Amino acid sequence: MRTAALILALAPLSAFSQTIPSPVPENEVFKREDIGHALAAPTPQAGHTAASAANSPADDGQWVMPSKDYASTRFSSLKEITPENVKNLKPDFSFSLGVNKGQEAAPIVANNTMYVVTAYPNIVYALDLTKPGAPLKWSFAPKPAAASQGIACCDVVNRGGSVDNGKYIFNTLDGQTIAVDINTGKPLWRTQLGDINRGETMTMAPTVAQGRVFVGDSGGEMGVHGWVTALDENTGKLLWRGYNTGPDAQVLIGADFKPHYAGDQGKDLGVTSWPPQAWQIGGGAAWGWLTFDAELNSLYTGVGNPGPWNQTQRPGDNKWTAGIFSRDPASGSARWFYQYSPHDEHDYDGVNEQILLDMPFAGKMQKVLIHIDRNGYLYVIERNTGTVLSADPYGPVNTSRGIDLQTGRPIINEEKQTKLGQTVRNICPTASGAKDWNPSSFSPQTELLYIPHENMCMDWMNAEVSYIAGTPYVGALVHMKPGPGGNRGELTAWDPVQRRPVWAVKENFPIWSGTVVTAGDVVFYGTMDGWFKAVNARSGDLLWRYKVDSGVIGQPISYRGPDGHQYIAVLSGVGGWSGAVVSGPVDPRDGSAALGMVNVMSDLPKYTTAGGTLYVFSLPH
Amino acid sequence: MSSRYLTKFAACSALLLLGGCNRNPQSAAPPTEQGDVHGVIDSALDPGVDHSLVTSDPRVAAYLNNADAVNTGKRLFGQYNCSGCHSNGGGGMGPDLMDDVWTYGGRLEQIHQTLVQGRPNGMPSWGGKVPDEQLWQLSAYVRSMSLPQTLAAQTDNTPSQSPAPVPPEVEQDAGWSPLPATTNDYTSTIKGVD
């Protein structure tokens with residue numbers, strides 16, 4: 001043994017040193033002015049942009065769902081904290097979550113209690129906000145199957161729960177939806193929806209409305225047959241399930257289905273736009289945001305990427321992946337569909353947030369849905385019909401040359417189409433998108449969106465892959481890299497009416513946290529290297545920052561405490577796809593690790609370590 | 001039966017009198033058979049002996065010093081979607097395999113056992129689903145990923161592309177020690193920051 005050790009010690013050390021790749025050159029991406037399109041010129045004089053009262057009722061100071069309101073504004077009407085005094089913000093209390101994995105959830109505040117769900121093993125904590133230090137009222141450990149950790153594509157995250165009608169409702173990694181009594185923490189019902197042996201996990205935050213719980217699956221990298229499901233809020237009983245690929249009967253496409261674009265009209269397109277049987281393992285998960293529209297009584301359900309990533313194995317439009325359905329919340333029946341990325345070649349899931357606003361367009365007020373897609377475009381969609389009113393790039397784009405507003409389809413740039421056995425370089429945006437799941441906010445005061453996003457590109461080579469149930473179904477070798485300029489993240493304030501950015505803050509790392517904006521005109525967000533920041537909503541000027549124990553990828557909130565004061569809360573705990581190099585057992589020496597993300601994040605271990613802590617801040621009072 | 005087994009057997013028999021050693025009393029085999037069990041040791045804790053027990057599966061020898069084994073293992077690693085979770089050794093959905101940590105042991109027979117049985121935190125079980133010969137070849141490739149020679153052969157950001165054959169020396173270890181010149185100090189390899 002000693003001899004062996006000596007021999008091995010004499011072997012040379014690794015010749016390879018990890019470096020962050022050079023940024024993609026500026027001239028590799030298209031200019032916003034050249035590829036952004038709209039059906040009509042801006043008409044700001046036609047009215048004020050805001051969410052309707054039905055979707056964004058008067059703020060009661062609580063924060064009962066991750067999106068704040070059905071409109072998904074993440075706007076807090078509280079204004080005790082201002083650009084002038086935010087520099088005095090201090091931590092009020094913190095609480096260890098006991099789990100050092102990526103913490104993506106929004107803390108929920110209802111009845112003077114704060115509810116937090118952790119990454120796997122999905123422990124729920126209830127903290128009593130009426131007492132000093134917010135002591136624990138109860139905790140609930142759902143004990144999800146440990147094996148589910150092995151089929152979660154991008155860290156074992158959970159994006160939060162919701163409080164409604166005396167229940168806290170959340171999902172577990174192993175595919176359960178659970179409702180617990182908000183006063184006792186005792187489970188009222190738990191419904192097993194996903195099957196880990198088919199690659200199904202659940203990481204999304206349920207949407208609760210009209211006595212129904214709307215949930216969807218994760219597993220777009222595992223060859224799942226993606227779905228959205230509605231449960232009875234009182235019993236957990238399954239009300240309906242709509243698949244995102246397959247025959248119309250499974251997708252819940254019937255007589256009510258009236259898609260705007262010709263390419264989405266026809267029988268069983270969820271079968272015929274795939275090679276034989278490929279739809280059965282074609283992904284189309286629903287792991288992001290499901291948005292209930294109280295005004296139009298609709299449910300908007302974003303659909304994830306098609307599988308496998310190797311597009312050469314699935315010629316066709318691969319419906320209904322990488323798009324959005326409007327569904328009847330009572331029956332699940334589809335009303336319209338729009339496909340952001342037909343035959344997606346770059347993992348551009350369509351699951352990012354939908355923000356429901358009344359907005360002036362073409363000289364009149366229109367009911368729109370704003371969706372900021374992974375494919376790099378910010379879409380303004382008329383939400384009665386699913387008509388795209390405008391689509392503009394907000395990040396680096398070269399996979400397409402704009403969206404054709406007659407057909408609704410991206411104008412494909414053939415140079416960035418992926419190939420079998422051949423690496424295509426400098427594809428923008430990267431697989432995780434110009435922006436991933438982490439939600440934007442909207443202020444009716446500034447009429448701006450606050451978009452936390454990425455500035456990253458990638459090299460991609462397809463490889464043949466076989467489907468083996470319960471294992472990844474990907475078939476691509478990806479290496480990510482910084483976008484033009486080298487800053488991997490950006491916070492952009494965007495004017496949806498004028499279709500342009502108003503200001504932007506560059507960040508070294510991709511921004512993987514959500515944003516919250518307040519009536520005090522302050523925007524809060526966190527960075528992956530562990531700074532929780534406040535910027536001026538009108539200028540982007542940095543007003544305050546606080547170093548937390550680990551990188552921030554959670555969703556900050558603003559609420560009124562029992563004492564009447566304004567509080568800001570956020571989880572720290574780096575991880576997720578972009579942070580797996582810190583939170584997971586992932587090696588920075590392998591650029592292809594974590595689906596190619598490590599190539600562009602290998603320096604993160606120098607800046608932060610894994611953690612999991614709730615922080616609550618307020619002004620001295 | 002080697003003297004090591006005899007040591008183990010004697011210690012175990014003593015412990016059995018106190019109700020120890022036998023992990024599953026309900027399906028207990030007669031104590032006298034304990035010493036003959038050529039099970040793969042999954043833990044660095046080995047009560048009753050002053051050093052960790054090293055067993056030796058006779059099937060291992062064929063995969064040592066065997067370049068074909070690691071190269072075939074590399075191909076199978078892609079074909080069976082191992083790379084979907086473990087990438088090219090750096091991990092992702094599954095753990096890093098090119099570092100110096102062996103949770104379930106780094107001897108070939110221990111790796112093989114992990115592939116056959118699966119592991120509770122998300123490693124599927126492949127026994128009976130993949131030919132055993134291929135599981136051994138995969139084991140050899142996985143063991144090769146953290147060999148200093150394989151690490152040294154890395155020329156770009158995709159490691160484990162030139163896997164070195166597994167030397168017999170590594171099998172003299174009980175499976176828990178990091179090899180010299182393997183490292184967990186990833187950050188030391190990162191350049192171009194700040």
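**Exercise 1. Does A:Cys154 count as buried or exposed?**

Keep in mind that this is a predicted model.

*Step 1.* Grab the cut-off: buried means under 20% relative accessible area.
*Step 2.* A:Cys154 comes in at 14% relative accessibility, so it counts as buried.
*Step 3.* Now try its partner. A disulfide joins A:Cys154 to A:Cys153, S to S 2.1 Å. A:Cys153 has 25% relative accessibility, so it counts as partly exposed.

**Exercise 2. Work out the handedness of each disulfide in the structure.**

*Step 1.* Count them: over all chains, there are two disulfides. A disulfide is a covalent bond between the sulfur atoms of two cysteines.
*Step 2.* Take A:Cys153 and A:Cys154. The torsion about their S-S bond is about -105 degrees, so this disulfide is left-handed.
*Step 3.* Next come A:Cys428 and A:Cys457, with sulfur atoms 2.2 Å apart. Here the torsion is about 105 degrees, so this one is right-handed. A:Cys428 sits in the loop between β27 and β28 of chain A, while A:Cys457 is in strand β30 of chain A, so the bond ties together parts 29 residues apart in sequence.
*Step 4.* Check burial again: A:Cys428 is buried at 0% relative accessibility, and A:Cys457 is buried with a relative accessible area of 0%.

**Exercise 3. Explain why B:Cys82 and B:Cys85 aren't bonded.**

*Step 1.* Find the closest cysteine sulfur to that of B:Cys82: it belongs to B:Cys85, 8.6 Å away.
*Step 2.* Compare with the cut-off: a disulfide needs sulfur atoms within 2.5 Å. So 8.6 Å is too far for a bond.
*Step 3.* Both are tucked away, though: B:Cys82 is buried at 17% relative accessibility, and B:Cys85 is buried with a relative accessible area of 13%.

**Exercise 4. Check the length of helix α5 of chain B, then find what it packs against.**

*Step 1.* The helix has 14 residues (132–145), which at 1.5 Å a residue should span 20 Å.
*Step 2.* Its end C-alpha atoms are 20 Å apart, so the two agree.
*Step 3.* Of the 14 residues, 11 are buried, among them B:Trp136 and B:Tyr141. The buried ones pack against α2, α3, α4 and α6 of chain B.

**Exercise 5. Place strand β18 of chain A among its partners.**

*Step 1.* On one side of the pairing, β17(A) and β18(A) run antiparallel over four bridges, with A:Phe292 bridged to A:Leu299.
*Step 2.* β18(A) also pairs with β19(A), antiparallel over four bridges. There, A:Leu299 has A:Arg327 as its bridge partner.
*Step 3.* In a regular strand, side chains alternate between the two faces of the sheet. In β18(A), both faces are covered: A:Ser298, A:Tyr300 and A:Gly302 are buried on one side, A:Leu299 and A:Thr301 on the other.

Notes. Residues numbered from 1 in each chain as written. Chains lettered and ligands numbered in written order. Predicted model: local features only at pLDDT ≥ 70, side-chain atom pairs only at ≥ 80, totals over all residues. Heavy atoms only, no water. Buried < 20%, exposed > 50% of the residue type's maximum accessible area, 1.4 Å probe, protein only. Helix = DSSP H or I, 4+ residues; strand = E, 2+ residues; numbered from the N terminus. Pairing = 2+ DSSP bridges. Expected span 1.5 Å × (residues − 1). Contact = heavy atoms within 4.5 Å.
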